[in-house]
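Visitor: I would like to go through this model with you and ask, at each step, what a given term rests on.
Guide: Then let us look at the structure and begin.

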Amino acid sequence: MLTETTAPADEPGHGAAPLAAEGAALTDVQSEPPPLVAQFASSPRGARVARQVAVRHLEEWGYPPVSDASCAVAVVVAELAANAVRHGRVPGRDFGLRLALDAAAGVVRVEVADAASGKRPPAAPPSSAPDGESGRGLLLVAALAVRWGSAPRQPLGKTVWAEIPVTA
């Protein structure tokens, strides 16, 4: 299970909100649907199931599988889960998925956590060779997300996150 996630206020360049604004934010957060938090086997099948679960969960939030929002989240979950399996796999450890809808901000936050602390994604998507068979996943994430990044997890591992724009 995910032990730590990042919130926009925790990210570099974002300060804490004033106390008066926090009360309003708490009221807004309470009206949001509960997030999806799940663990999956660190395998290609686990990554595929994570994507399918994400699409089903977005449907419960009112975004049908054929919607732009659901398709964008599915691609981002697929890429981040595949990276967790390929680059962040630690034998005997699962990877975690967390989806949270922030309707007021118009985003779905996708977080994928793995147990590999030393393997952080690059700060910017790498350029891939035109004929290469891999290396485009983070380019897709960057194209679909309004923001993305990573953060260390305690006691080990990292969380890679992305915020995907959605419309009501």
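Visitor: What makes β1 and β2 a pair?
Guide: In this predicted model, five bridges join β1 to β2, residues 95–102, and the two strands run antiparallel; since pairing requires at least two bridges, they count as paired. Within this pair, Leu36 stands opposite Leu99, and Phe40 stands opposite Phe95.

Visitor: Why are β1 and β4 said to stand at the edges?
Guide: The open sheet of five strands has the order β1-β2-β3-β5-β4, with antiparallel pairing. Because β1 (36–40) and β4 (147–152) each have a single partner strand, one side of each is left without a neighbour in the sheet.

Visitor: How do you know that β3 pairs with β5, and β4 with β5?
Guide: The criterion is at least two bridges, and eight bridges join β3 to β5, while six join β4 to β5; both pairs therefore qualify. Val110 stands opposite Ala162 in the former pair, and Pro152 opposite Lys158 in the latter.

Visitor: Which side chains of β1 are buried, and which are not?
Guide: Leu36, Ala38 and Phe40 point to one face and are buried, meaning under 20% relative accessible area, whereas Val37 and Gln39 point to the other face and are not buried. In a regular strand the side chains alternate between the two faces of the sheet.

Visitor: Why is β5 called largely enclosed?
Guide: Seven of its eight residues are buried, so β5 is largely enclosed by the rest of the structure. Helix α3, residues 68–87, lies across β2, β3 and β5, running at about 15 degrees to β3.

Technical notes
Residues are numbered from 1 along each chain as its sequence is written. This is a predicted model: local features need pLDDT of at least 70, side-chain atom pairs count only at pLDDT 80 or more; totals for chains, interfaces and linings use all residues. Side-chain values use heavy atoms; hydrogens and water are left out. Helices (H or I, at least four residues) and strands (E, at least two) are DSSP runs, numbered from the N terminus. Contact means heavy atoms within 4.5 Å. Axes are lines fitted to C-alpha atoms, for helices over the stretch in contact, and angles run from 0 to 180 degrees between N-to-C directions. Buried means under 20% relative accessible area, exposed over 50%, partly exposed in between (1.4 Å probe, protein chains only).
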